[in-house]
Amino acid sequence: MVTDWSDLRRWPDVEASNLQAWDASDSLILDEAGELPDDVVVIGDRHGALTLGALEAGASRVRVHQDGILGERALLANAARRGLEPSGMPFAHHPLDASLVDGARLVLLQLPRSLDELDEIAQLVAAHAHPEVRVVAGGRVKHMSRSMNDVLAQSFSHVQASLAKQKSRVLHAAQPRGGITSTWPHEQRHDDVGLTIAAHGGVFAGSGIDIGTRLLLDHIPNMRAAEQAIDLASGNGVVAAALALARPDLRVLATDQSAAAVASTKATAAANGVSDRIDVVRADGLETVDTATAQLVVLNPPFHVGAAVHTGLAERLFADAARALEPGGELWVVWNTPLNYRPILDKLIGSTKQVQRTTKFTVTSSRKRT
């Protein structure tokens, strides 16, 4: 199947960006899927190529799950570019739950990097899709491993790989195993910090606590007094829960653009008995926070785009925090020491002091200039 995706854009829509919104694995997934049923499920569509490609190939309705809110917005924008009216979009976004795959006969999947995320998806499909469901899961060969076959084989009796084409490959899975139920989210107790962490498969660090976050937790007593704190890019919710437990009068806003992170943060809050004081929002950074209103923002920024180290995401979050912080408000950040964010924080936020530094991680506190 030949599909023209020259008009597809990533989100935010930056015309000068040289990062295309589709790759050869999208084409291969659609080619390997064969004739499409009326109802198709798409999981992991980055910017809309799979969803719009499935509609062009004959599907009349697509149920789609995209973990990132920016991916959802890209799909909507790309659909509008192709003349689809907002009131009549032939696709619908779903959470990663039974409603997404109930009775489905075909699932098109962009393979996630995380084996845990793949396991959660496979369990969900095996438990709730039609007994004759086919899963067509593709990715770039350099990012695939034999372990992906093994994970799929835990939920499906038939798993077969396609031939590679344009540096991409597809895994076909069928015949769901009987008795499969979802084991997600996973929970882990960390007695050393007095927290129980719950995590879905697509969350960084899973139900563990990474080294950088542990350093940040040590400094919660040193953070300024506030009525509300913000856990920006909340991930599995460890910082939000730790703040709420340490300060019984504090309300916490936890925000992340990832659906898996939002679900994990909610589950972690519930596991630690602080759901009543943690508000969890799926959003692009601090877009839901008014300018110059935040007293305390805490951040462990992502530093990868795929497999590559990339500082752009962190810098975008720093700028958002600078907008949201009130004069005198504080931004506490832990970051990989070699990335040297301190000059950027000085420029965007205000006076930044180094609180702790190791060979791997640095904790800083920045006070918004008045």
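Which residue follows α1, and is its phi positive or negative? Select G34: this glycine comes right after α1, and its phi is positive, near 70°. Keep in mind during the tour that the model is predicted.

**Stop 1: helix α1**

Now select α1 itself, residues 24-33. Seven of its ten residues are buried, so the helix is largely enclosed by the rest of the structure. Colour the buried ones: A24, S25, D26, L28, I29, L30 and A33. To see what they pack against, show α2 (49-56), β4 (106-110), β5 (134-140) and β7.

**Stop 2: the β6-β7 hairpin**

Keep β7 (168-176) on screen and add β6 (156-161). The two strands pair in the antiparallel sense, over five bridges. They form a hairpin, with six residues between them. In the turn, pick Q166, which has a positive phi of about 50°. Then find H158 and look across to β7, where A174 stands opposite.

**Stop 3: helix α6**

Select residues 146-153, which make up α6, and mark its buried residues M148, N149, V151 and L152. Why do these four sit on the same side of α6? They cover an arc of only 165° around the axis, which puts them there. An α-helix has 3.6 residues a turn, so residues three or four places apart point the same way. Among the elements covering the buried residues of α6 are α5 (115-128) and both strands of the hairpin, β6 and β7.

**Stop 4: the nonpolar cores**

In soluble globular proteins, nonpolar side chains tend to be buried together. The largest nonpolar core here has 30 residues, and L216, M223, L243 and I278 touch the most other members. Helix α8 (residues 238-246) supplies the largest share of this core, seven residues. Centre the view on L243. Beyond the residues up to four places away in sequence, L243 touches I220, M223, A229, L250, V252 and V298. A second core, separate from this one, holds 25 residues, including A122, V125, V151 and A173.

**Stop 5: the seven-stranded sheet**

Select α8 again and show the strands it lies across: β10 (228-232), β11 (251-256), β12 and β13. The helix runs at about 180° to β11. These strands belong to an open sheet of seven, in the order β12-β11-β10-β13-β16-β18-β17, with mixed pairing. At the edges are β12 and β17 (352-357), each of which pairs on one side only. On average, neighbouring strands of the sheet are turned by 20° against each other, direction ignored.

Within this sheet, isolate β16 (residues 325-336) and β18 (residues 361-367), which pair in the antiparallel sense over seven bridges. Select E330 and look for its bridge partner in β18, which is R367.

**Stop 6: D284**

Where is D284? Go to the loop between β12 (278-282) and β13 (294-299). Is D284 buried or exposed? Its relative accessible area is 14%, and buried means under 20%, so D284 counts as buried. Show the side chains of D284 and R316: a polar contact of 2.6 Å joins them. Apart from neighbours within four places in sequence, the residues in contact with D284 are I69, L70, R73, R316 and D320.

Terms used. Residues are numbered from 1 along each chain as its sequence is written. This is a predicted model: local features need pLDDT of at least 70, side-chain atom pairs count only at pLDDT 80 or more; totals for chains, interfaces and linings use all residues. Side-chain values use heavy atoms; hydrogens and water are left out. Buried means under 20% relative accessible area, exposed over 50%, partly exposed in between (1.4 Å probe, protein chains only). The arc is that of the directions from the helix axis to the C-beta atoms. Contact means heavy atoms within 4.5 Å. A polar contact is a pair of N or O atoms within 3.5 Å; within protein, one must be able to donate a hydrogen and the other to accept it, and residues adjacent in sequence count only if both atoms are side-chain atoms. A nonpolar core is a set of buried Ala, Val, Leu, Ile, Met, Phe, Trp, Tyr and Cys residues joined through side-chain atoms within 4.5 Å. Two strands pair if DSSP finds at least two bridges between them. Axes are lines fitted to C-alpha atoms, for helices over the stretch in contact, and angles run from 0 to 180 degrees between N-to-C directions.
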